[in-house]
Amino acid sequence: MPDASGIETQAFFKTIKLDAIDDSLPQEIKTACGVDVETCLECGKCSGGCSNVRIFDITPRQVVKLIKTGQEKPLLAMDALWACVSCQLCGDRCPAGIDIARIMDYLREKAYQKGIKATRYQVQLFHELMLGFIKKTGRVAEGQLIIRFNLKTGRYFKDADLGRRLFLKGKIKPFSSKIKNREDLRRIFQESIEREEDQ
Amino acid sequence: MSTVKTALVIGAGPAGMEAAVKIGGAGYRVILADRADSLGGTLRQLCSSFPRWEDPADLIAYKTEQINKCPLITIKTKTTVVAAEKNGNGYLVTLGSDGLTSEIQADAVIIATGFELFDASVYGEYGYGSFDNVVNSLEFEALLKEWQENQGKTASPGTVAFFKCVGSRDRAKGLPYCSRICCMYTAKQAGLVKELFPDSKCYVFYMDYRAAGREYEEFVRSVIEQRHVRYVRGRPAKVLPEDGRLLIRAEDTLMGMPVEIAADMVVLAAAIVPGPGTRQIARLFQIKSDEYGFIDYNRNEPAKAGDRVFFAGACGFAVETLGAIQQGAAAAAEVIALFNQPNGEEKNA
């Protein structure tokens with residue numbers, strides 16, 4: 001049954017055969033992220049302090065636990081992948097020093113490469129628009145990003161009131177500034193695209 | 001020196017051996033009695049130790065040597081206490097051995113009668129006593145010893161599942177208390193299996209692991225992280241025979257998901273309970289036991305059980321080897337302090 005967020009959760013309640021679990025996923029995470037999930041104490045400090053956990057379908061602790069139990073499918077399909085803002089509170093506070101944000105990054109990339117679409121509202125579009133700004137100017141122009149996003153999604157006045165207040169307080173600017181060395185920035189993007197093509 | 005005082009130490013496990021060594025070393029006579037035919041108590045049955053993977057046999061050999069070197073200590077193996085009565089400043093104790101009895105005068109007594117394992121067959125759902133490959137933790141220690149001795153010649157046990165809290169923390173069929181040492185010896189046992197058979201798989205079912213002791217937490221973590229023993233949080237519900245193996249049903253309470261595993265062997269960490277010997281001794285010396293049969297302590301003198309009667313080790317409550325030795329030394333200190341009184345009288349008695 002899909003729950004409110006549209007995620008299939010039924011699979012979670014099927015009996016897990018512990019002997020069928022191989023350690024390929026934990027090994028993959030170890031190699032890719034340098035994180036040994038076996039060090040996790042299951043204390044839940046990550047989830048307790050997660051800045052966005054109220055909109056997560058799977059908590060950060062559960063993410064680590066799912067890696068331990070080798071369940072890639074729900075990990076790549078979870079909404080939390082896109083609701084996570086990489087604030088890194090989880091990893092910063094983790095007593096085992098597990099870099100959960102790095103794991104989230106890795107899983108996000110993997111889901112994207114596998115063509116698994118985010119179910120969260122227009123998250124793909126938002127990411128693309130934001131990256132577009134960074135690519136062009138080296139900065140995120142919040143004002144323009146919000147306007148562009150709302151125009152594209154046809155919700156023209158969604159943030160009008162908030163935007164006006166933010167503008168009056170000087171929190172967002174109508175025009176974005178650019179970083180100085182945009183040539184280096186271009187190279188970063190170029191190299192990451194080449195690296196992705198190599199894979 | 002006909003007035004040299006004599007202490008009777010009942011039980012020659014780590015606590016009793018330590019007490020004997022210390023009292024003998026202080027210049028008093030000791031009679032060290034044990035129902036078994038050699039020294040060491042339950043420790044003799046154990047394979048390796050936590051948290052330093054040391055061989056218990058080395059410890060027994062060391063203590064035995066100390067005892068043998070001390071002329072004041074008399075070892076009485078295959079000996080039980082038959083009767084005891086108050087006699088002046090001490091007890092007249094009847095010892096029985098091979099059907100013969102002898103009487104001794106003890107100026108102080110240390111009880112160090114150890115523990116037993118809770119009878120796990122109470123739980124029909126685990127099949128202890130019905131399925132061959134469901135064993136309790138002491139039976140498994142014997143297996144481990146066998147495997148260690150025949151290293152390289154024994155087939156891998158395959159998948160071994162360890163159940164903790166079997167009889168402990170159970171108000172319905174078992175005992176309400178935590179048996180304290182099971183978390184540690186289970187980690188040791190699982191770690192040993194992985195060391196002897198790296199291709200085996202070990203699963204430990206736990207409610208929480210309690211590693212309160214020096215180097216204990218590090219020990220358990222090393223078993224999980226370096227020896228790759230899998231810890232599953234949840235108390236197993238059922239063991240079913242399936243195709244000659246044992247199917248275990250449980251819940252992984254960390255994920256709220258039911259789990260299943262086919263194992264080749266199940267090891268039950270049964271609760272630590274006082275043996276019938278402890279109850280009998282408590283009766284003979286008229287000392288107080290708690291509701292479970294452990295010898296009761298008092299806050300002000302925790303090694304003291306009654307008039308000139310002291311206790312040490314697991315007959316007081318579940319304790320690991322190191323703790324038993326420390327308690328043995330503490331009880332010995334009480335006896336030595338008592339014997340050192342000018343008239344052999346207890347100051348505050």
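Okay, quick definition before anything else: two strands count as paired here if DSSP finds at least two bridges between them. Keep in mind that this is a predicted model.

With that, let's look at chain B. Six strands make an open sheet, and the order is β3-β2-β1-β7-β19-β18, with mixed pairing. At the edges sit β3 and β18 of chain B, the latter covering 304-306, and each of them pairs on one side only. From one strand to the next, the twist averages 25°.

Zooming in on one edge, β18(B) pairs with β19(B), residues 309-311, in the antiparallel sense over two bridges. If you want a residue pair to click on, Gly306(B) stands opposite Val309(B).

Now, what packs on this sheet? α7(B) does, touching β1, β7, β18 and β19 of chain B, and its direction makes about 175° with that of β7(B). Then there's α1(B), which lies across β1, β2, β3 and β7 of chain B and runs at about 165° to β2(B).

Let me stay with α1(B) for a moment. This helix is residues 14-25, so to speak a twelve-residue piece, and it reaches 16 Å from first C-alpha to last, close to the 16 Å expected at 1.5 Å a residue. Is α1(B) largely enclosed or largely open? Enclosed, because eleven of its twelve residues are buried. Among them are Met17(B), Glu18(B), Lys22(B) and Ile23(B). The cover over those buried residues includes β1, β2, α2, β3, β7 and α7 of chain B, so you'll recognise some sheet strands there. And just after the helix, Gly27(B) takes a positive phi of about 100°.Over to where the chains meet. The contact takes 13 residues from chain A and 14 from chain B. On the chain A side, β1 (16-17) and α3 (60-68) each give two or more residues. That side divides into four nonpolar, three polar and six charged residues. There's strand pairing across the contact too: β1(A) and β15(B), residues 257-263, pair in the parallel sense over two bridges. Lys17(A) stands opposite Glu260(B) there.

Last stop, Ala80(A), which is found in helix α5 of chain A, residues 80-83. Why does Ala80(A) count as buried? Because it has 23 C-beta neighbours inside 10 Å, and the cut-off for buried is 20 or more. Leaving out residues up to four places away in sequence, Ala80(A) touches Phe56(A), Asp57(A), Ile58(A) and Val63(A). Arg120(A) is 40 residues from Ala80(A) along the chain, with their C-alpha atoms separated by 9.2 Å.

That's my tour, happy to take questions.

Conventions
Residues numbered from 1 in each chain as written. Chains lettered and ligands numbered in written order. Predicted model: local features only at pLDDT ≥ 70, side-chain atom pairs only at ≥ 80, totals over all residues. Contact = placed C-beta atoms within 7 Å. Helix = DSSP H or I, 4+ residues; strand = E, 2+ residues; numbered from the N terminus. Nonpolar A, V, L, I, M, F, W, Y, C, P; charged D, E, K, R; others polar. Expected span 1.5 Å × (residues − 1). Axes fitted to C-alpha atoms, helices over the stretch in contact; angles between N-to-C directions.
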